[in-house]
Amino acid sequence: QVRLVESGGGLVQAGGSLRLSCAASGRTFSGYAMGWFRQAPEKEREFVASITWSSGRTYYADSVKGRFTISRDNTKNTVYLQMNSLKPDGTAVYYCAARQGSIQYTHVAYDYWGQGTQVTVSS
């Protein structure tokens, strides 16, 4: 049973930084793509960043390029999202997700999800 557990959310002022973690368990994730998505109130869940577990190839939404960095630690089975220069429109619940195969940008393509962690950016 795949389990994803996010942590690291909180309240931060605009311009500040947070690092989210996603601890993955339940199987070997070689051949998987791991993604971070976010959902603000009354908005659809949107793609933020993704990484392939084996090669470490990364992809980012245009809105976060240059400010967010996704990475993974294979020894800890953990994926990270370093978020710098946060903006108020980054306020959302951030979710970690996993799918077998290549990176996809739509949330419906992902099979496994964490419970989410709240990020609030004050202006």
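Guide: Buried means under 20% relative accessible area, and exposed means over 50%. The model is predicted.

Visitor: Along S1, which side chains point to one face and are buried?
Guide: The side chains of S1 alternate. Arg3, Val5 and Ser7 point to one face and are not buried. The buried ones, on the other face, are Leu4 and Glu6.

Visitor: In what order do the strands of the open sheet of 4 strands lie?
Guide: Pairing in this sheet is antiparallel. Strand S1 (3-7) and strand S7 (68-73) are its edge strands, each pairing on one side only. Neighbouring strands are turned by 15° against each other on average, direction ignored. The order is S1-S3-S8-S7.

Visitor: How many bridges join S1 to strand S3?
Guide: S1 and strand S3 (residues 18-25) run antiparallel. Arginine 3 has serine 25 as its bridge partner in S3. Serine 7 stands opposite serine 21. The number of bridges is 5.

Visitor: How many bridges join S4 to S5?
Guide: These two strands run antiparallel. Methionine 34 has isoleucine 51, in S5, as its bridge partner. The count of bridges is 6.

Visitor: Which residue takes a positive phi in the hairpin of S4 and S5?
Guide: This hairpin has 6 residues between the strands. The positive phi is near 65°. The residue that takes it is glutamate 42.

Visitor: Which residue takes a positive phi in the hairpin of S5 and S6?
Guide: S5 pairs with strand S6 (residues 58-60) in the antiparallel sense over 3 bridges. Serine 50 has tyrosine 59 as its bridge partner in S6. The hairpin has 5 residues between the strands, and its positive phi is near 80°. That phi belongs to glycine 56.

Visitor: How many residues of S5 are buried?
Guide: S5 is largely enclosed by the rest of the structure. That follows because its buried residues number 6 of the 7.

Visitor: Which residues of the largest nonpolar core touch the most other members?
Guide: The core has 36 residues. Elements that give two or more residues to this core are S3, strand S4 (32-39), strand S5 (46-52), S7, strand S8 (78-83), strand S9 (92-100) and strand S11 (117-122). The residues that touch the most other members are Met34, Trp36, Leu81, Met83 and Tyr94.

Visitor: Where is phenylalanine 68 found?
Guide: Phenylalanine 68 has a relative accessible area of 3%, so it is buried. Beyond its neighbours within four places in sequence, its contacts include Arg38, Val48, Tyr60, Leu81, Met83 and Tyr94. Phenylalanine 68 is found in strand S7.

Visitor: How many Å apart in space are phenylalanine 68 and serine 17, C-alpha to C-alpha?
Guide: In sequence, phenylalanine 68 and serine 17 are 51 residues apart. In space, C-alpha to C-alpha, they are apart by 9.4 Å.

Visitor: Does arginine 38 count as buried or exposed?
Guide: Arginine 38 is found in strand S4. The cut-off for buried is under 20%. Arginine 38 has 6% relative accessibility, so it counts as buried.

Visitor: Which side chain makes a polar contact of 3.0 Å with the side chain of arginine 38?
Guide: A polar contact of 2.6 Å joins the side chains of arginine 38 and glutamate 46. Tyrosine 94 touches Arg38, and also Trp36, Phe68 and Leu81, among others. The partner at 3.0 Å is tyrosine 94.

Visitor: Which residue does a disulfide join to cysteine 22?
Guide: A search of the whole structure finds 1 disulfide. Its S to S distance is 2.1 Å. Cysteine 22 is buried, at 0% relative accessibility. Its partner is cysteine 96.

Visitor: How many residues apart in sequence are the parts that cysteine 22 and cysteine 96 tie together?
Guide: A disulfide is a covalent bond between the sulfur atoms of two cysteines. Cysteine 22 lies in strand S3 and cysteine 96 in strand S9. So the pair ties together parts whose separation in sequence, in residues, is 74.

Visitor: Is the disulfide of cysteine 22 and cysteine 96 left-handed or right-handed?
Guide: Cysteine 96 is buried at 0% relative accessibility. The torsion about the S-S bond is about -75°. The disulfide is therefore left-handed.

Terms used: Residues are numbered from 1 along each chain as its sequence is written. This is a predicted model: local features need pLDDT of at least 70, side-chain atom pairs count only at pLDDT 80 or more; totals for chains, interfaces and linings use all residues. Side-chain values use heavy atoms; hydrogens and water are left out. Two strands pair if DSSP finds at least two bridges between them. Axes are lines fitted to C-alpha atoms, for helices over the stretch in contact, and angles run from 0 to 180 degrees between N-to-C directions. A nonpolar core is a set of buried Ala, Val, Leu, Ile, Met, Phe, Trp, Tyr and Cys residues joined through side-chain atoms within 4.5 Å. Buried means under 20% relative accessible area, exposed over 50%, partly exposed in between (1.4 Å probe, protein chains only). Contact means heavy atoms within 4.5 Å. A disulfide is a pair of cysteine sulfur atoms within 2.5 Å. A polar contact is a pair of N or O atoms within 3.5 Å; within protein, one must be able to donate a hydrogen and the other to accept it, and residues adjacent in sequence count only if both atoms are side-chain atoms.
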